[in-house]
Amino acid sequence: MSQAESLLAPFHFDAVIADKGYDSDPLRELLAAQQVEGVIPSRRYRKQPWDYDRVRYRERNIVERFINKIKWYRRIFTRYEKLARRFMAFLHFASTLIWLERNVNEP
């Protein structure tokens, strides 16, 4: 949470999708100042929870599951390929294998 502002500063985007760990007033104020939609559910202790786009938040789970599947490929998570072009090529290859596994085995 302490690095969120510096991580978000160099980029321009329409929305930030994050989990409850990023629910803080300073981050929400920063997003409001940049006119960025914060898709962040409120923590339980909030007396007045913030509204957020629940459908968009659910789609975040798809990305997290994909990243978890990518981590099963040792060559990616240990970063054997030092050149960006080769690393990206293997990332595409692993993504294709994951896609094939999901879509070819379906009845």
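Arg28 counts as buried because its relative accessible area is 10%, the class of buried residues being those under 20%, with exposed over 50% and partly exposed in between (1.4 Å probe, protein chains only). The structure is a predicted model, in which local features need pLDDT of at least 70 and side-chain atom pairs count only at pLDDT 80 or more, whereas totals for chains, interfaces and linings use all residues. Residues are numbered from 1 along each chain as its sequence is written, and side-chain values use heavy atoms, with hydrogens and water left out.

**Exercise 1.** Place Arg28 in the secondary structure, and determine which residues it is in contact with once its neighbours within four places in sequence are left aside.

*Solution.* Begin with the element: Arg28 belongs to helix H2, which covers residues 25-33, where helices (H or I, at least four residues) and strands (E, at least two) are DSSP runs numbered from the N terminus. Next, set aside the neighbours within four places in sequence and list what remains in contact with Arg28, namely Asp23, Gly38, Ile40, Pro41, Ser42, Arg46 and Trp50; contact here means heavy atoms within 4.5 Å. Then turn to the charged partner, for Arg28 forms a salt bridge with Asp23 in which the closest N and O atoms are 2.9 Å apart, a salt bridge being a side-chain nitrogen of Lys or Arg within 4 Å of a carboxyl oxygen of Asp or Glu. Finally, check the accessibility of the pair: Arg28 and Asp23 are both buried.

**Exercise 2.** Compare the setting of the two residues in the salt bridge between Glu64 and Arg60, and state how far apart they stand in helix H3.

*Solution.* Take the distance to start with: the N to O separation between the side chains of Glu64 and Arg60 is 2.4 Å. Both residues lie in helix H3 (residues 54-70), where four residues, or about one turn of the helix, separate them. The accessibility of each partner then follows: Glu64 is partly exposed because its relative accessibility is 40%, while Arg60 is buried because its relative accessible area is 18%.

**Exercise 3.** Classify both partners of the salt bridge between Arg75 and Glu81, and then identify the residues that shared salt-bridge partners join into one network.

*Solution.* The side chains of Arg75 and Glu81 come within 2.6 Å of each other, N to O. Arg75 has 36% relative accessibility, so it counts as partly exposed, and Glu81 has a relative accessible area of 14%, so it is buried. Elsewhere, salt bridges with partners in common join Asp23, Asp25, Arg28 and Arg46 into one network. To finish, the count of salt bridges by this rule comes to seven.

**Exercise 4.** Describe the overall architecture of the protein, and set its radius of gyration against that of a compact globule of 107 residues.

*Solution.* Count the elements: the secondary structure amounts to five helices and two strands, and from the N terminus on their order is α-β-α-β-α-α-α. For the dimensions, the C-alpha trace spans about 45 × 40 × 25 Å along the principal axes. The radius of gyration of the protein is 18 Å, whereas a compact globule of 107 residues would have one near 13 Å; the value is taken over C-alpha atoms, and the globule rule is 2.2 Å times the number of residues to the power 0.38. As for burial, 23% of the 107 residues count as buried. Among contacts with a separation of 6 or more, 24% are between residues 24 or more positions apart.
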